[in-house]
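Here is a short report for a reader who is new to this structure. It takes the empty spaces in turn, then a helix, then some single residues.

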Amino acid sequence: MQVPFLSFSPQHQPIREEVLQALARVYDSQWFVLGKEVTDFEAAYAKFNNTKHSVGVANGLDALHLALMALGIGAGDEVIVPSNTYIATWLAVSYVGATIVPVEPDPATYNLDPTLLEAAITARTKAIMPVHLYGQACLMDDIMAIAKRHGLAVVEDNAQSQGAMCQGQYTGSFGDINATSFYPGKNLGALGDAGAITTNDEALAGKARVLRNYGSEKKYHNEVIGYNSRLDELQAAALGVKLQYLPQWTAQRQATAELYLQELAGVGDLILPATAPGCTHVYHLFVVRTQHRAALQAHLTAQGIGTLIHYPIPPHRQQAYADNALAQNNYPIAEKLADTCLSLPMWPGMSSAHVTGVADAIKGFFAEPA
Ligand SMILES: *Cc1c(COP(=O)(O)O)cnc(C)c1O
């Protein structure tokens, strides 16, 4: 059975007319940037995420960057980030000229290990950036308690985990100011690039609004050196429609994950995703680990089953950071994850036949004599 890594069809086909109507509404309004659609989506997303404010921006990387700028973080400051994350988290810290301080993950959950945080805190530390990787909530209560004790800001990277929870509270609502991405493949995806900042702090929300729009609150009055990072009306209109379906899509991802977990328990040397106590997982990705990754991936590819690696090279091993002292350091857990992880097909509306088809192909691989 052929199974693509990702298919948008089960999500997009049933809402095609609804989305096209929303796009037509923007077309006919002749208002394309920062208008009613953006304001309405911001209000809806803030409500969904249970934060007071949401500020639409052009993409998730900008959301991270503007969040750090709104906090006034810059040269001479240190920011704690996970050693294993998508490079965007690191880039945002680089953009503001602050120093990246990587901390290793818990090898079971792949998320920032709170017990390693205090050893990384110095007099220069200003913020911690937890990333809810693959859709799993970090242990936010522990992270927030440490941040509070040391007077540090928290900026959640919620790009992969819209709708995930820790102790009943949504990710993206714990930190002082948080970022998310609506890149098409994310759990809530636009029809192009888009992102948002979420915060309960009115002053920080105001700063983010000014920074995304040329540093200007009042047209042609530029208070700070800002950016052009606006969410456009077309994307906001599409996101407004899709947001209504996110809870149901999340439930579908979770049901698919449950079936994978049942089917793949005890198969070969596979390490399956584990959830941390009190945390939920919204399965942006379903990531397994194996010492036989290359061979397993080739076996699945030959059968028409799509897989990807998130991520093959950890940020400290990227050429972009080759001149940085960080490149000299070893982050063995991040390196081990990069060498062994494999993302299986995962999308809302995947049928159980798809899941068992993938599982059978994996069982077939491990049943073959090496
Ligand atoms: C996708 C992603 C981003 C960046 O979002 P873009 O919208 O692509 O800029 C940041 N952090 C993480 C963890 C991501 O997965």
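## Cavities

Three cavities of 30 Å³ or more are found in the structure. The model is a predicted one.

The largest cavity holds about 90 Å³ of space. Its lining is made of 13 residues. Nearest its centre lie N84, T85, Y134, H310 and Y311. Helix α12 (residues 332-340) supplies the largest share of this lining, three residues. By class, the lining of the largest cavity has ten nonpolar residues, three polar and no charged.

The second largest cavity has a volume of about 60 Å³. Its lining consists of D106, T109, N111, L112, P114, A137, C138, L139 and A276. Six of these lining residues are nonpolar, two are polar and one is charged.

## The largest pocket

The largest pocket has a volume of about 620 Å³. It is lined by 32 residues, and Y86, S181, Y183, K186 and Y311 are the closest to its centre. Two elements give two or more residues to this lining: α4 (60-70) and α5 (88-95).

What is the lining of the largest pocket like by class? It divides into 19 nonpolar, nine polar and four charged residues. Y311 is named in two places: it is among the residues nearest the centre of the largest cavity, and it is among those closest to the centre of the largest pocket.

## The second largest pocket

The second largest pocket has a volume of about 240 Å³. From the earlier part of the list of lining residues come W31, V33 and L34, among others. The list also includes N213, Y214, S216, E217, K218, K219, Y220, N222 and R230.

Which strand gives the most to this lining? Strand β10 (residues 216-218) does, with three residues. The lining of the second largest pocket counts five nonpolar, three polar and four charged residues.

## Helix α13

Helix α13 covers residues 352-367, which makes 16 residues. At 1.5 Å a residue, the helix should span 22 Å. The C-alpha atoms at its ends are 22 Å apart, so the expected span and the model agree.

Which residues of α13 are buried? They are V355, G357, V358, A359, A361, I362 and F365. An α-helix has 3.6 residues a turn, so residues three or four places apart point the same way. The buried residues of α13 are covered by elements that include α10 (246-264), α11 (293-302) and β13 (341-344).

## T199 and N178, two residues in strands

T199 lies in strand β9 (residues 195-199). Is T199 buried or exposed? Its relative accessible area is 1%; the cut-off for buried is under 20%, so T199 is buried. The side chain of T199 reaches the backbone nitrogen of D201 at 2.9 Å. Beyond its neighbours within four places in sequence, T199 is in contact with T51, K52, H53, D176, I177, L204 and A205.

N178 sits in strand β8 (residues 178-181). Its relative accessibility is 1%, so N178 counts as buried. The side chain of N178 has a polar atom 2.9 Å from the backbone oxygen of G172. A polar atom of this side chain also lies 3.4 Å from the backbone oxygen of G175. Residues up to four places away in sequence aside, N178 touches V154, V155, E156, G172, S173, A196, I197 and T198. N178 and A67 are 111 residues apart along the chain, and their C-alpha atoms are separated by 6.6 Å.

## I146, a residue in a helix

I146 belongs to helix α7 (residues 140-150). Its relative accessibility is 7%, so I146 counts as buried. Which residues does I146 contact, leaving aside its neighbours within four places in sequence? They are P114, L117, E118 and I121.

I146 and I121 are 25 residues apart in sequence. In space, they are 9.9 Å apart, C-alpha to C-alpha. P114, a contact of I146, also belongs to the lining of the second largest cavity.

Conventions:
Residues are numbered from 1 along each chain as its sequence is written. This is a predicted model: local features need pLDDT of at least 70, side-chain atom pairs count only at pLDDT 80 or more; totals for chains, interfaces and linings use all residues. Side-chain values use heavy atoms; hydrogens and water are left out. Helices (H or I, at least four residues) and strands (E, at least two) are DSSP runs, numbered from the N terminus. The expected span of a helix is 1.5 Å times one less than its number of residues. Buried means under 20% relative accessible area, exposed over 50%, partly exposed in between (1.4 Å probe, protein chains only). Contact means heavy atoms within 4.5 Å. On a 1 Å grid over the protein atoms alone, a cavity is a set of points where a 1.4 Å probe fits but cannot get out, and a pocket is an open set with protein on both sides within 12 Å along at least five of seven lines; lining residues have an atom within 4 Å of a point. Grid points are joined across faces, edges and corners, and a volume is the space filled by probe spheres set on the points. Ala, Val, Leu, Ile, Met, Phe, Trp, Tyr, Cys and Pro count as nonpolar, Asp, Glu, Lys and Arg as charged, and the others, Gly among them, as polar. A polar contact is a pair of N or O atoms within 3.5 Å; within protein, one must be able to donate a hydrogen and the other to accept it, and residues adjacent in sequence count only if both atoms are side-chain atoms.
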